[in-house]
Structures are given as C-alpha cells and as structure tokens.
Amino acid sequence: MPVHFPNVSVPRIAELGGGTWELQNLSEVTVLFGKNGSGKSVLLRAWRDKSEANVHYVTPERTGEMDLQPQYLREELTASGRRNASSRNYMPEYRRRIIGRIQSYFLTRGDYRGPGAAPASPGEIESFINSLVTDFLVELVASGTPPYKLVRAEGGIQIGGVDQLSSGEAQLVTIALDILTIAAIWEIQGQSQRVLLVDEPDAHIHPDLQVRFADFIFRVAERFDLQVAIATHSTSLLAALGQFGGAKTSTIYVSRNRHDYQAQSFSDIHKALSACLGGHVLMGPLFGAPILLVEGDDDYRIWSQVPRHHVTNFAVIPSNGEEIKRYQKALESIFASLRDTDAQPCGYALLDGDKPIPVPNSQNPQCHVCFVQLACFEAENLYLADEVLAEIGIDWTSACTKIVARAGEFGQKAEFLAEAKTWDRKRGDIKKVINEVAQILDNKPVHWTVRVGRVLGRNRPLGQVEEFLGSTVVNALWPATK
C-alpha cells in the first residue's frame, strides 16, 4: 500500500477560522477521530477539491433507491461530475449514483471475464463485495436493469429494492460498490495517485460489521494502491482498523481549534486501549455474551460472522500470535475485579490445535477467561470438513479429484496440491494452500472464511465440523440451553 501524500495542506473554511489545515506524517490509512462539528467532513471535502481527479470522497449521508437512473452514467465517469454531486455531506441520490457508476465502470472496461481480461474484472469486484456482505451474493450484470443482482445467501431470495434491506445492509452494499467502482475506474484509466476519503462509514452499521469493513478497506487498498483517510466517531472501527493495519494505521484527533496535525502511528498501546473503548466487547459479559479471543485475521473473519446468525452469541477480540496470552491475562485481571470467583467463565481464548494450553496458576487462574483449543490443526482445516464442503456443493472425494486435476496451475504449490488425496483433513497443515484450494473448489467468488463462518453460525455444530472444533469448544460457545 502506498502513501501518495505523506503531508497535505488544504484550505480551512472561514467558519473555522480560515487559514489552512496542515496534516503531516500520514500513513496508508489515517483515521480522523473527533466530535461532531470538529470539521472532519469539511476537511475531507477541502482535500478532495484540491485534487479531484485522483481523490474521491465518500459522503456520510448515503440515501436513495438502488435502481438505475441512466442520467448518472456520464456524470459518474468524470471527476468533476462526482465532485459536484458530493459538494455537501448529504447526497439524496447517493445509491442511484453508485448504481449508475456500475454502468460507467462497464462502459470504461467492458464485461469480458476470461483469460487476458483487462484489470479490475467484475469477478474481482464481486469477490470483494461478497467477503464484506456475507449474507448476500452480489453479481454485476452489464446488460441488466439494474446492473446487478443481489441474492440472499440463505434461501436464494433475490432482492428487488432497497426496502428489502436493513439500513445497515444497504449502507454496506452501496459503500462497497462506491469504493470498488472508483478504484477499478482509476486502475483502468491508469491513475497513478489514488486517495480515498471515507466519511463516517460506521453510520447505521453494527460494530461487528464495522470490523468486517475495516478488513475490507485494507484488502481493497492493498489491491488497488489506495491511500485512505477515514473520518469516524466509532472506537469499534478505530480498533478494527488498528488490528488489521497495525503500523499502516495512524490517528489524527481533530479539534475545531487546531490547524496543524501530526498523525500518530497506531501502537500496541492504542490497540489495547481502543479494543476496550469499543464498548460492545467488554459490555458483552454483562448481558450474557461471552468474549472470544482469537488468533489471527482469518480466525477473526470466521468467528465475527457466527453471532450474526442468532444461534449463539459472543463478542470477538482479535489478537496476533502470542498476543492472545497477554490479552487473556489482562482480561482475567479486569474481570477478577468485577465478578465473583465462582461465576461461570465469561470469556474464552481460542488456540489452534498445534498450540499447548497454558496451565492455570495463582497469577492467572483462568476463572473468568479460559483457554480452549481446536481439535483440528488450525482454522483452515474447518474448510475441508464435510459440512463446509456441502455448503459449496461438493464432497471430499470430488474435491480431491478437482484439486489434483488443477494442481499444475499453481507453480511451487503444485506438488503439495497434487497429493490432496493423502492429506489429513483434520490434523494436516494446509494453511499455505488454502486460498488455492478455495479457488479450485468454489465456483462463486466467496472467501473461504465466509463459507466456514456460515456453517458455524447456522446451527450448533454437528458431524465432522463438530469433530474438527472439538467438544470443549462447541460446549463453550454453543451452550446446550441455546
């Protein structure tokens, strides 16, 4: 991910004192954090107006229908047309304009999806959206009116209008299309500097979906060489951006009275504090929802989906590697001061099957936040469980045949893939080829973690997926009374 502009100077409006805003030490993703009225939106629009050809502003008020209005097609092809539509932080026809930009994208690129296709293919855009909006399958249709199909993953019901979506669902779909279509058009046009300014993406979106949005932002920015600035009030979003971005994330605390800002790199201290300030996580145990500490971003992607199906409930906190032990110990201390020692655990730290579980001791008795362990080697193995393969529409015998047949397409990984019939699905280490396996087996552009998360969330695990999780994990996260 590039930093196209490490320092930015933009005009400051007279109502805030005039002069200029000076932003320095900007990172790949910079978070503008501040109260209402501090000037975040005005600052972002002033930045966009300074260089509208290579800076795109996503307005905070995103309303309207999701049908096709052809008059927006040409306007969305030009930077000045996009700028004029978002001169304020309210755009009543936002959704219609974004649907119009899908057609602008097809007009710029065409709909060819085969070998040797131009960059930023429709399939790539669909894959990104489907990893964010996991309750749906999105398909772009160049000749369609509207130029997309939106189908609920559960039941296959096609969405015919915005009234069939919650406000959060409509926000996620359209903001994802906004970001991806402008990034794709920039790539097709060969724009060298690409800056995305996103104003309050957390509006109407639950904290767990804010987590998924943070993951989405970093993956899209990495793929399309975007520098990003995000204005938000949400500590949950701030924490998630720090989790997924690490040192690539920085923060500016915006105030009406300040002109000059040095972005502060997102340190381990910021990460720990913002996770607590996220509120919904530490409040969970007070309402009967345990905490679940997980290792790594892919585990986070899987487990944050599960409660959305309303079969079980927990609040997920991500960590990296050995951080999980430090986080568990810190939470154990916090809850020891808040809860009775004979109460049931209010949280779990989930380790991969290849990691030893720490033994409780006087300094860390594991009364409140206990370690549990997958029965399989690691989360990637869950993708090969019978129930997840059935979600894709295949069994293990057929899966092996497909993997072996296409192994030669994957260079240095070909030899390992060619031995798929010998793999131990439960205890083998398949992490290095999981993306290739998913590409071979899944005909739809759905990330492998989404497939696993759907199966785990749909009901209390049974069969092979229960075996891979292990009874300790299943009993902890899916209590029998649920």
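**Group meeting: buried sites, rings and helix packing**

C376 is a buried residue, with a relative accessibility of 0%; buried here means under 20% relative accessible area, exposed over 50%, and partly exposed in between, for a 1.4 Å probe and protein chains only. Before I continue, please note that this is a predicted model, in which local features need pLDDT of at least 70 and side-chain atom pairs count only at pLDDT 80 or more, while totals for chains, interfaces and linings use all residues. Residues are numbered from 1 along each chain as its sequence is written, and side-chain values use heavy atoms, with hydrogens and water left out.

Where does C376 lie? C376 belongs to the loop between β17 (369-373) and α13 (386-392). Helices (H or I, at least four residues) and strands (E, at least two) are DSSP runs, numbered from the N terminus. Apart from neighbours within four places in sequence, C376 is in contact with G353, N381, L382, K426, R427 and F468, contact meaning heavy atoms within 4.5 Å. D354 is 22 residues away from C376 along the chain, and their C-alpha atoms are separated by 8.2 Å.

A second buried site is S250, with a relative accessible area of 2%. S250 is placed in strand β11 (residues 249-253). Not counting residues up to four places away in sequence, S250 touches a set that includes N25, S27, V29, A263 and F266.

K35 offers a contrast: this lysine is exposed, with a relative accessible area of 67%. K35 sits in the loop between β3 (29-33) and α1 (40-50). Beyond neighbours within four places in sequence, K35 is in contact with K40 and H233. From C-alpha to C-alpha, K35 and V254 are 7.8 Å apart in space, with their positions 219 residues apart in sequence.

I turn now to the helices. In helix α17 (residues 448-458), 10 of the 11 residues are buried, among them W448, R451, R454 and L456. The buried residues of α17 pack against α5 (122-132), β7 (136-140), α11 (297-303), α13, α16 and α18 (463-469).

How do helices α14 and α16 cross? The axes of α14 (residues 396-406) and α16 (residues 434-441) come within 9 Å and cross at roughly 110 degrees. Such axes are lines fitted to C-alpha atoms, for helices over the stretch in contact, and angles run from 0 to 180 degrees between N-to-C directions. The crossing therefore makes α14 roughly perpendicular to α16; that term covers 65 to 115 degrees, with under 35 roughly parallel, over 145 roughly antiparallel and the rest oblique. A399, K402, I403 and R406 of α14 meet V437, Q439, I440 and L441 of α16.

Finally, the aromatic rings. Rings of Phe, Tyr and Trp (its six-membered ring) pair if their centres lie within 6.5 Å, with planes under 30 degrees apart stacked, over 60 edge-to-face and the rest tilted. By this rule there are 10 aromatic pairs. One of these is F416 with W423, a stacked pair at 5.1 Å centre to centre and 25 degrees between the planes. W423 is buried, at 11% relative accessible area. W303, F314 and W478 form one aromatic cluster.

Charges also sit over rings, a term requiring NZ of Lys or CZ of Arg within 6 Å of the ring centre and within 35 degrees of the ring normal. K432 lies over the face of F416, at 4.4 Å from the ring centre. R223 lies over the face of F224, at 4.4 Å from that ring's centre.
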